[in-house]
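Q: Could you take me through one small part of this protein in detail? I would like to see the part itself and then how the rest of the chain is built around it.

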Amino acid sequence: MGHWCWLQFLAISWSKTSGSLLNWGKEAGLIAPVPTGTDCVWECPSGVVNEETFKQIYAQFFPHGDASMYAHYLFNAFDTAQNGSVKFEDFVMALSILLRGTVHEKLRWTFNLYDINKDGYINKEEMMDIVKAIYDMMGKYTYPVLKEDAPRQHVEVFFQKMDKNKDGVVTLDEFIESCQEDDNIMRSLQLFENVM
C-alpha cells in the first residue's frame, strides 16, 4: 500500500458508499423519506446512531476484513460529547471539516482520531492501534499482499518522523508539521474534495 495514511483510507471508504452522505444516513436509520405533496423530504427519525449500528454499517462495506475496531475508533472521534451516540448534525459537521475544511482543520480532526485516550498526545501504541485496525478492516485480500509485520513497520516509520523532539509522544503541532511536510499525506487530504 505504500505511503498511504488513514486519510486516504477514509476517503476510499466513503467512496464505497457511492459518495453519498444521504445513503449513509438512510443505512443508519437516521433519515427516512416522508411524502409531502409530490416531493419527498428527508427527516431524522432518531437523529442519533450508536456504536453498534456504526460497526454494522462499516462491516457491510468491508466484508473481507474485520471493520469493528476501526469503526469503534472512528465512532469515538465522531462522538465528541462522549455519550455513546453520534447525532447526525455532529456527523455532518465532522464530514464538513474532512471534506471542505482547511488543511489545519482536517489534520486536527485526524489527530483527534489517533489520540484514543484524549490526553492531547499520540503515543506509539495509539498509532499502532489505529493502523492495525485499518489493516484488519482491509482484510487479507489486499493487493499487493501485505506482510504480517506491515502495520508495525508503517507505525515505526511514521512515528519516528512525527516525534520531532523524540520524547515518545506526538503533539498536535508535531503531527500537523509532519503531515504538512509529507507530500503523500497532503495528496490524501485532497482526496476528500472528490468524495461527495
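A: Here is a walk through one loop, followed by a look at the whole chain. Keep in mind that this is a predicted model.

Let's start with D115, which sits in the loop between α6 (103–114) and β5 (122–123). Is this charged residue buried or exposed, and which side chain of opposite charge is nearest? D115 is buried, and the nearest side chain of opposite charge belongs to K118, 5.8 Å away. A salt bridge needs the two charged groups within 4 Å, so a distance of 5.8 Å does not count as one. D115 therefore has no salt bridge although it is buried.

What does D115 touch instead? If we set aside its neighbours within four places in sequence, D115 makes contact with G120, Y121, I122 and E126. I122 belongs to β5 (122–123), while E126 lies in α7 (124–138).

Now look at K118, which is also placed in the loop between α6 and β5. Its phi angle is near 55°, a positive value in a residue other than glycine. K118 is partly exposed, with a relative accessible area of 34%. For a companion case, turn to K166, found in the loop between α8 and β6 (169–170). Phi of K166 is likewise positive, near 55°, and this residue is not a glycine either. K166 counts as exposed because its relative accessible area is 55%, and the cut-off for exposed is over 50%.

Let's step back to the nonpolar interior. The largest nonpolar core holds 43 residues, and F54, Y58 and M127 have the most contacts inside it. Several helices each supply at least two residues of this core: α3 (51–61), α4 (68–78), α5 (88–100), α6, α7 (124–138), α8 (150–162) and α9 (172–181). Which helix gives the largest share? That is α7, with 8 residues. So the loop we began with follows α6, one of the helices that supply this core.

Finally, the whole chain. Its secondary structure comes to 10 helices and 6 strands. The chain has 196 residues, of which 43% count as buried. Among contacts with a separation of 6 or more, 61% link residues 24 or more positions apart. On the outside, the chain exposes about 10,300 Å², and carbon and sulfur atoms supply 52% of that area.

Note on methods:
Residues numbered from 1 in each chain as written. Predicted model: local features only at pLDDT ≥ 70, side-chain atom pairs only at ≥ 80, totals over all residues. Heavy atoms only, no water. Helix = DSSP H or I, 4+ residues; strand = E, 2+ residues; numbered from the N terminus. Buried < 20%, exposed > 50% of the residue type's maximum accessible area, 1.4 Å probe, protein only. Lys, Arg positive; Asp, Glu negative; His and termini not counted. Contact = heavy atoms within 4.5 Å. Areas by Shrake-Rupley, 256 points an atom, 1.4 Å probe, with all protein chains shown as cover. Core = buried A, V, L, I, M, F, W, Y, C linked by side-chain atoms within 4.5 Å.
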